[in-house]
Every structure is written in C-alpha cells, then in structure tokens.
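Reader: I am new to this structure and would like a close look at a single part of it. Please take one pair of packed helices and go through how they meet.

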Amino acid sequence: MRVRREQLIGIARGHGLEVDEGHELSRNFLKIGLGAYNLYPTAAAQVGRIDISGFVVRHPLVRTLDPEDVRRRKLGRVTQQIDFDLAGSPADVLEAFDLCCAMVRELHLAALRERAIAEQRTGRPRIRAAVPPEELEERLLAEARERAGARLAARPTAAA
C-alpha cells in the first residue's frame, strides 16, 4: 500500500511543519518537521515508508525499531516507522501521519517554551526525552481522525 507524496506534504504544511524535499542527508527521503522532531517519508511520488525521528508515538500503525537494526541500517536517530503493512487503507496511514505531524508541532512548541524557561532560570537549556503525555496523544489522535473524516467527506464521489 502507498500514499501520494502530495497528500503528506499537504498535511504537514497544514500543521505548519517545514518540508525539505532534498535535504543534505539523503535525496531519497523528504524531511518533514520542526527542530529535533522529524518525519522522513520516501521521496517517491507514491510513498511506502515513513520514518519517525526524535520522538515516540503510540499508535497501532507505528512500530518501534530494534536499536541494533537501526545501527546496522544506519538510520541515525530514527526509532520508529509507520508500518504500511498494518494499515487497512491509505486513509489509515494518513491518519497516523496526521497524528505524527500534530505531535511534532506540539512537542516543538513545548520544547521552545521549556527551553526559554530553563534559560531564564539557569542560563542553560534543559534537555529531556520527547515522550508526550497520554492525554495529549489522545487529543491529537481524535483531531487527526476528525481531519481524516473531513478529507474523506471532501472527496468527489462518482456519479451513479
């Protein structure tokens, strides 16, 4: 199963994320994200793989990669991937990607706020793992499902 690259770019830009279509590390992947939180879909017109880097997602379509496999395949900070084989339809993949984009936005904003507060107090930034609270994940997933439903409703239907 695959999804169109333009759909992913549209979702990402809708969340205000930066889209780099030819970043310096690889021409085979797009870089979508903000700061240290990134998604790396393949650069093909029909995307069949999306890597997740810099944060952790709990979603039925997201699988955590074995650290040894990450090192062997030289995936850098990638820790998870959206597993297209588990999806029932492209809409499921788009929903998972939408959730990831929303999490990137929220985590980046939280990191900026936390960094500003830490720098005011100590003069040094505070660094911690980016694992969002479950309440935030649940809210973002509900919003992603609403947007997915709106996308499906907006599709033109074939005239009978």
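Author: What follows describes the packing of two helices, then turns briefly to a strand and its partners. The model is a predicted one.

Two packed helices are described by the angle between their axes and the distance between the axes. Here the pair is helix H3, residues 90-122, and helix H4, residues 134-154. Their axes lie 8 Å apart and make an angle of about 135°. H3 is therefore oblique to H4. The limit that matters is 145 degrees, since only angles over 145 count as roughly antiparallel. The crossing of H3 and H4 is right-handed.

On the H3 side, the residues in contact are Ala-91, Leu-94, Glu-95, Asp-98, Leu-99, Ala-102, Met-103, Arg-105 and Glu-106. On the H4 side they meet Leu-136, Glu-137, Arg-139, Leu-140, Leu-141, Ala-144, Arg-145, Arg-147, Ala-148, Arg-151 and Leu-152. Sorted by class, this contact of H3 with H4 holds eleven nonpolar residues and nine charged ones, with no polar residues.

Strand E6, residues 50-53, is covered on both faces. Ile-50 and Ile-52 are buried on one side, and Asp-51 and Ser-53 are buried on the other. E6 pairs with strand E4, residues 37-41, in an antiparallel arrangement joined by four bridges. Within that pairing, Leu-39 has Ile-52 of E6 as its bridge partner. E6 is also antiparallel to strand E8, residues 78-82, and four bridges link E6 and E8. There, Ser-53 is bridged to Val-78 in E8.

Conventions: Residues numbered from 1 in each chain as written. Predicted model: local features only at pLDDT ≥ 70, side-chain atom pairs only at ≥ 80, totals over all residues. Heavy atoms only, no water. Axes fitted to C-alpha atoms, helices over the stretch in contact; angles between N-to-C directions. Helix = DSSP H or I, 4+ residues; strand = E, 2+ residues; numbered from the N terminus. Parallel < 35°, antiparallel > 145°, perpendicular 65-115°, else oblique. Left-handed = near helix turned anticlockwise from the far one by under 90°. Contact = heavy atoms within 4.5 Å. Nonpolar A, V, L, I, M, F, W, Y, C, P; charged D, E, K, R; others polar. Buried < 20%, exposed > 50% of the residue type's maximum accessible area, 1.4 Å probe, protein only. Pairing = 2+ DSSP bridges.
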